[in-house]
Amino acid sequence: MFKVQVKEILDKVKSDGRKLLFEDEVKRLLAINGVAVTPCEVAHNEDQAVQLAEKFGYPAVLKIHSIAYTHKSDCGGVKLNLPDGNSVRAAFREIRAAVADQEPEISVTVQPMASAGTEVIIGVTTDNHFGKVIMFGLGGVFAEIFEDVTFRLIPITRKDAFDMLGSVKGNILLEGYRGNPPADRETLVDVLLKVSKLIEKNAEIKELDLNPVVVYENGLLVLDGRGTLL
Amino acid sequence: MTICSNNAVVNGGSRMKKDLHPLFYPRSAAVLGAVADPEKVGFNIFESIVYGGFKGPLYPIHPKLKNILGYDVYPSLDKVPGPVDVAVIALNQLSTVNVLEECAQCGVKGILSIAGGFGEVGAEGVKLENKLTERANELGIPLIGPNTLGFINDDGNFYATFYPLRLIKGGVSIISQSGGMGLTIMQKALDEMMGMNKWIGVGNRAALEFSDYLTYLGDDPATRVIGVFMEGSEDALKFVKLIREICLKKPVVVFKAGRTKESDYMAMTHTGSLAGPYRLYKDILKQNGAIVADTVEELVACCKALSLSQLPEGKRVGVLTHTAGPSIVAADYMLQLGCELPKYAPETYQKVRDVIGQNPPVVLKNPLDAAGLGFPALTYGRIADAVLGDPSVDIMMAIYCLHKNWRFPSQEIIDVRKKWNKPALAYYVSTVGDSAKDREILQKEGVPLYINAREAARAVYALYEYKQIISSQTQG
């Protein structure tokens, strides 16, 4: 059954003539495979955005939903912590205004604001030399500036997944520091294994970028994601 | 009338298992393009084979010359009065491609192609290289190169490189994507008295890939440790999957170049292959059971230790010295790598006091610095006995500084190692030359010697790494 659902999502992407997997599609792929994500649906107008925000509960998050703007926050396409319907409407208009020249009819995704935790990133790439490779790193500057990330060939074993956590310097944040509780490394390892398995079974997925993934004392949530097909 | 025409039936187009044995252990060889001018590659590769002590018939081939280094020269391959197992082609790139047919007709079982001017020089070269690959594969002859320094099989006395040299016999075989780095490894190996078995400059890998060489060396009973210098390879996936299997039989140590974006381009124009991201390579190599070295020095340090020493049960290192500085630096490196320096047991300290006095003017700890009391080799040996005998010590690093009047405690270290049946490494603060005699003595008895802290530390950790690799694999 899961297999059918995954196929449906990927077929839709292909029948649209896209390579890009939208955030909501990536999250559905993950959810099907037992990875916790923030619920996320697409709104095409203000009213829909408010309806979805009320369904998920406030505070809400709106993000641009576009092939062109894959770095969502760079174009002013991410609005966080929206407390009520009015702020959702205002945010929707601001996102539209930001890209009005290029995509005046742009849609957004709506999702609830998640609480803070330790941010990590999980990625998948198809390397010219090795093929399918999974990447893990701590979020934010750790990955971007310090390039503190680690790679393994897919498929990974449970030991590989634990080794991945230990292979980045930022691991110290996952272990708990200055009174912060340790992050739920078991669940994180499970998610790495699930992503590995998803890619192993669906080789047509070229890249995945789960960023950020917030790890809590118990459990984790994937807050954003994108992907591409071969 | 030639004998070689007897072998003219060639298994055309067969790409089954590539039999590299006749290439590495030829019974006879011909050098196409051999010349008498020492400035030329064609002379040096011929001289290298002679100087290397090749025992079989050796035929220089040249259209005009009569004699090179006392060997009769033949005008072409089909005029040679006997079968030829290996054809060493020291001709230019165009002639190299053209002569393959003749090699096949004469029943040649393996080819070494030296010439550059193939895939590494751009579109025209790529075309020519494709032709070389196709022809070699169609004819079913394994071909090393092109664009390589050559290869060496010390075990078969076949030194087919244009840098004539002699190696020390041993169990380490090296695969190198670069001639120059391959030479660096060999020269370092000579300094370190690391015994070598085979050395392969893979060149552009037109017909044989890293994985082919790795498969061969993995099955080669004479090779105990495999060292690899690589820039990058499209064959990387197959390569690491092979390492995963081979590492259970013998250690595979890899030094991967290309840590910057710029080096990708340099590698491309060197051997026609992008280097690929360093961190990705390093992580995936380790994931699949390779020991990853960061420099040539580390590569040789690891290969040497792995080829000489028994493996430690764990990562707890007992350090013994008579001078604190080198032990602190070595401890730093070892701890960073992941070793532990355990506290010695009370009985160990008592044994030490029994040797150097009940109230010695030193602090007893690990590293154990016996200071002036450790200068005499006999005393040093008795303290070493206490250190390696300590139940929490898996492996000992014994540090000593070269002195005009005091001898190195080499025999003492060897005796202690044997007594406790645990691995020991020596780190002598010395020059390569001044420690040569002791290096030979120690290494013959399975104690690798290093003359700097970093290499000694890396070697200790490599032994532990390999112990981990084989135990984690056997546990499933």
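How many of the 230 residues of chain A count as buried? The figure is 51%, with buried meaning under 20% relative accessible area, exposed over 50%, and partly exposed in between (1.4 Å probe, protein chains only).

Before you click around: this is a predicted model, where local features need pLDDT of at least 70, side-chain atom pairs count only at pLDDT 80 or more, and totals for chains, interfaces and linings use all residues. Residues are numbered from 1 along each chain as its sequence is written, chains are lettered from A and ligands numbered from 1 in the order in which they are written, and side-chain values use heavy atoms, with hydrogens and water left out.

**Stop 1: chain A as a whole**

Select chain A and show it as a cartoon. You should find eight helices and eleven strands; here helices (H or I, at least four residues) and strands (E, at least two) are DSSP runs, numbered from the N terminus. Chain A has a radius of gyration of 18 Å, close to the 17 Å from the globule rule for 230 residues, so it is as compact as a globular protein of that length. (The radius is taken over C-alpha atoms, and the rule is 2.2 Å times the number of residues to the power 0.38.) Switch to the C-alpha trace of chain A, and along its principal axes it spans about 50 × 45 × 35 Å.

Take contacts in chain A between residues at least 6 apart in sequence: 60% of them join residues at least 24 apart. A contact means heavy atoms within 4.5 Å.

Now turn on the surface. Chain A exposes about 10900 Å² of accessible surface, and 52% of that belongs to carbon and sulfur atoms. These areas come from the Shrake-Rupley method with a 1.4 Å probe; for residues, only the protein chains shown count as cover.

**Stop 2: two cis prolines in chain A**

Zoom to Tyr58(A) and Pro59(A), which are joined by a cis peptide bond with omega of about -5 degrees. Pro59(A) sits in the loop between α3 (46-56) and β3 (60-65) of chain A. Then jump to Ile154(A) and Pro155(A), where the peptide bond is also cis, this time with omega near 5 degrees. Look for Pro155(A) in the loop between β8 (149-153) and α6 (158-166) of chain A.

**Stop 3: the parallel sheet of chain B**

Move to chain B and colour the strands β2-β1-β5-β6-β7, which is their order in an open five-stranded sheet with parallel pairing. At the edges stand β2 (58-61) and β7 (143-144) of chain B, each with a single partner strand, so one side of each has no neighbour in the sheet. Strands count as paired if DSSP finds at least two bridges between them. Inside this sheet, select β1 (residues 29-32) and β5 (residues 86-89) of chain B: they run parallel and are joined by four bridges. Label Ala30(B) and look across to β5(B), where its bridge partner is Ala87(B).

**Stop 4: a hairpin and Ile152(B)**

Next, select β8 (residues 150-153) and β9 of chain B, an antiparallel pair with four bridges. Together they form a hairpin with four residues between the strands, and Asn157(B) in the turn has a positive phi of about 55 degrees.

Show the side chains of β9 (residues 158-161) of chain B. Phe158(B) and Ala160(B) point one way, Tyr159(B) and Thr161(B) the other, and all are buried.

Which residue of β9(B) is the bridge partner of Ile152(B)? That is Tyr159(B). Ile152(B) itself lies in β8 of chain B and counts as buried, at 0% relative accessibility. Leaving out residues up to four places away in sequence, Ile152(B) touches Phe158(B), Tyr159(B), Thr161(B), Leu165(B), Leu167(B), Met186(B), Asn197(B), Lys198(B) and Trp199(B).

**Stop 5: two loops with positive phi**

Go to Leu69(B), in the loop between β3 (67-68) and β4 (71-72) of chain B. Leu69(B) is not a glycine, yet its phi is positive at about 50 degrees. Its relative accessibility is 43%, so it counts as partly exposed.

Then pick Met193(B), in the loop between α5 (179-192) and β11 (196-201) of chain B. Its phi, near 55 degrees, is again a positive value in a residue other than glycine. Met193(B) is partly exposed, at 22% relative accessibility.

**Last stop: helix α11**

Finish at Asp332(B), in helix α11 (residues 324-337) of chain B. Buried or partly exposed? At 44% relative accessibility, Asp332(B) counts as partly exposed. Draw a distance from its C-alpha to that of Arg454(B): the two residues are 122 apart along the chain, and these atoms are separated by 9.3 Å.
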